[in-house]
Amino acid sequence: MQPLWPAIASGTVLTQQDRFEVQATGGLGMAIAWGEVTPDVYHINPENHAVQSRHLGSRTIAYQVGENGTGGIDTVHTSPLLQAHLLPVEQQQRYVLDAQQLEAVTQLAHRLVAEIGILLEFEWTLTTAGSSQPQLYVTQVVPRTPLMVNYQDSQRLERQKNSDRDRTQPKVPTEIPAGSHLLLTGLAAAGGRAIARARVVTQDDESLETIQPGTVLVSDSILPHWLLLIKQAAAIVTEQGTMTSHSAIIAREAGVPAVMGATNATRWIQTDDLVIVDGDQGKVYWVDQNLAEAALEGERAEGRRQEAEGRGQEPEQDTGTEKSLPPSPLQTRLMVNLSQPESLERLKNLPIDGVGLLRSELLAIGLFNQHHPNLWLQPEQGAEFVTRLAESLCQFAAALLPRPVYYRSLDFRSHEFRELPGGETIPREINPMLGMRGTFSYMVNPALFDLELAALAQVQQSGYQNIHLMLPFVRTVEEFRFCHQRILQAGLKRCAQFQLWMMAEVPSVLFLVPEYVQAGVQGISIGTNDLTQLLLGVDRDNQQMATAFEERHPAVKAAIAHLIQQAKQAGIPCSICGQAPSRYPDLVEDLVHWGINSISVELDAVETTYEAILRAEDRG
């Protein structure tokens, strides 16, 4: 238990061999943890304490200990104990820490490194409580494991290898180049930073094939069938979209920086403008081409030099032996969400226990030549559908063997894929998020589901027994029983290792877990995206309601805890695979405390989730 004091500033420090990364915000540090501000970031040289770079954050509010009559503003987290205050504009536009305060934080980091070691992360707060002079306190220290540091290094090397291979996507200098100015702000939907020329795209653009790889896609929204464009883009900027939209999910998995909900992006940005997209901060900068060209040419020259040096090195020898992924030493299983086969390359050296969610919809779009799967229901096309899907699933099974892969069957929502050839025949719905989707759609027309089951049977026949099935958006026990019967008819249960799970994302599941288990459910996975949407009545695809889509709302957390408890009582495993644990490490600690069996997150959240699980398990 720690006292909660009024704070001048708070933040974190991540120590590394070559630099200390300091994050800071005014007031209490929960503004950073809750994602309500973007902190200032300082990179410090550990040797001479010189500031290598600094970036001004986006801080409109600060939290303080609540006092009567202080005039705080309302947020999701305000309470008698905490109050949020709106910061004056001049305070938002200056850095939180002055030189003396930053030096004090740096010296504190050195003392902790001397006592604990170089691999650590700690939280700090600067307060005048109990003293006339500001005092710096450590509020939490988290030693970092060599396993995660090795993972960081491998990912950095992988990014460098990709950069050397594709010169159309130059890295951005640490500092924003001179001659740049902030143009737009929006949701930081996918991390990373890129600089490239923009291409403004409209929904009815007929020249998509002319878009060059390595450009910044700018549109009012990114359609799911633009999958190839997203993966080849340097970055994405959209006027619409949220953290849970398919385009954001694809961008994060592909490692493409994305800023979404940037109002008037298609008006302020013109095709061929040179822009910087900062997906970590949710910012887009316009760049003066003449001033930036010298910096870019310097980076290209450095890239050519490194590539030339690389040619002189002997290539790695292929031993012909199968490489296995390192298991996680955690008690709580750490898994990943995937949708693209090429993402399997990024799994090397990750301390994961399997794929907790294989998104079939995004996988299918890439497999079937950008056509809607309904086109493959013709008798002469069905066999090709089964073969293609089975071959792709075998890729995932082989890469993860013996670790499990949970394939979630198709959950096509009518509004998302209408633009694909074959999708025009799908009836329009007033509210497609609550319409013909999930297992109810299987009952109406089981043809596509039967093809998926046939593909899974082929995977089993190929010798892979680590692919399992997860049913999406199950509303009733009757729907599950219908699917279970077809699964038995397909022969999937003949494999003793096969598991049949279901998504727990419709609130009715909260009251029916024992009934589902009696009907044959062997595990549940909590989908926080839809669960939050339905519990709070918030459209997850409406960026104007983004502040109301709160996955840590007390009602949502209570529902998650209840589902975990129900699964434990029923004797089945419970996982979670929604966006929430990827975004909020503090929620991960709650999940471990409640007894979750596994947590499945996006690739870019593996490191923070690993450390959050480790921290929670250490606390017991």
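## A walk through the predicted model

Met436, Phe440, Met443 and Val444 together make a nonpolar surface patch of about 340 Å². Keep in mind that this is a predicted model. One member of the patch, Met443, sits in helix α11, which covers residues 438-444. Met443 has a relative accessible area of 36%, so it falls in the partly exposed class, which runs from 20% to 50%.

**The chain as a whole**

Stepping back, the protein chain holds 19 helices and 24 strands. Of its 620 residues, 53% are buried. The accessible surface amounts to about 27,400 Å², and carbon and sulfur atoms contribute 50% of that area. Among contacts with a separation of 6 or more, 65% join residues that are 24 or more positions apart.

**Helix α12**

Next comes helix α12, residues 447-461. How far apart should the ends of its 15 residues be? At 1.5 Å a residue the expected span is 21 Å, and the end C-alpha atoms of α12 are indeed 21 Å apart, so the two values agree. Buried residues of α12 include Leu448, Leu451, Ala455 and Val459. The buried list also has polar or charged names in it, namely Glu452 and Gln460. As a general point, an α-helix has 3.6 residues a turn, so residues three or four places apart point the same way. After α12 comes Gly463, with a positive phi near 100°.

**Leu401 and Asn529**

Two further residues are worth a visit. Leu401 lies in the loop between α10 (379-400) and β19 (405-408). Its C-alpha atom is 8.7 Å from that of Gln465, although the two residues are 64 apart along the chain.

Asn529 belongs to helix α15, residues 528-536. Is Asn529 buried or exposed? Its relative accessibility is 10%, so Asn529 counts as buried, the limit being under 20%. A polar atom of the Asn529 side chain lies 3.1 Å from the backbone nitrogen of Gln579. Leaving aside neighbours within four places in sequence, Asn529 is in contact with Thr244, Arg540, Phe549, Glu551, Gly578 and Gln579.

The table sets out the accessibility of the three residues discussed.

| Residue | Relative accessibility | Class |
|---|---|---|
| Met443 | 36% | partly exposed |
| Leu401 | 36% | partly exposed |
| Asn529 | 10% | buried |

Definitions and conventions: Residues are numbered from 1 along each chain as its sequence is written. This is a predicted model: local features need pLDDT of at least 70, side-chain atom pairs count only at pLDDT 80 or more; totals for chains, interfaces and linings use all residues. Side-chain values use heavy atoms; hydrogens and water are left out. Patches are made of residues with over 30% relative accessible area and no salt bridge: like charges are joined within 9 Å, nonpolar side chains (Val, Leu, Ile, Met, Phe, Trp, Tyr) within 5 Å. Accessible areas come from the Shrake-Rupley method with a 1.4 Å probe; for residues, only the protein chains shown count as cover. A salt bridge is a side-chain nitrogen of Lys or Arg within 4 Å of a carboxyl oxygen of Asp or Glu. Helices (H or I, at least four residues) and strands (E, at least two) are DSSP runs, numbered from the N terminus. Buried means under 20% relative accessible area, exposed over 50%, partly exposed in between (1.4 Å probe, protein chains only). Contact means heavy atoms within 4.5 Å. A polar contact is a pair of N or O atoms within 3.5 Å; within protein, one must be able to donate a hydrogen and the other to accept it, and residues adjacent in sequence count only if both atoms are side-chain atoms. The expected span of a helix is 1.5 Å times one less than its number of residues.
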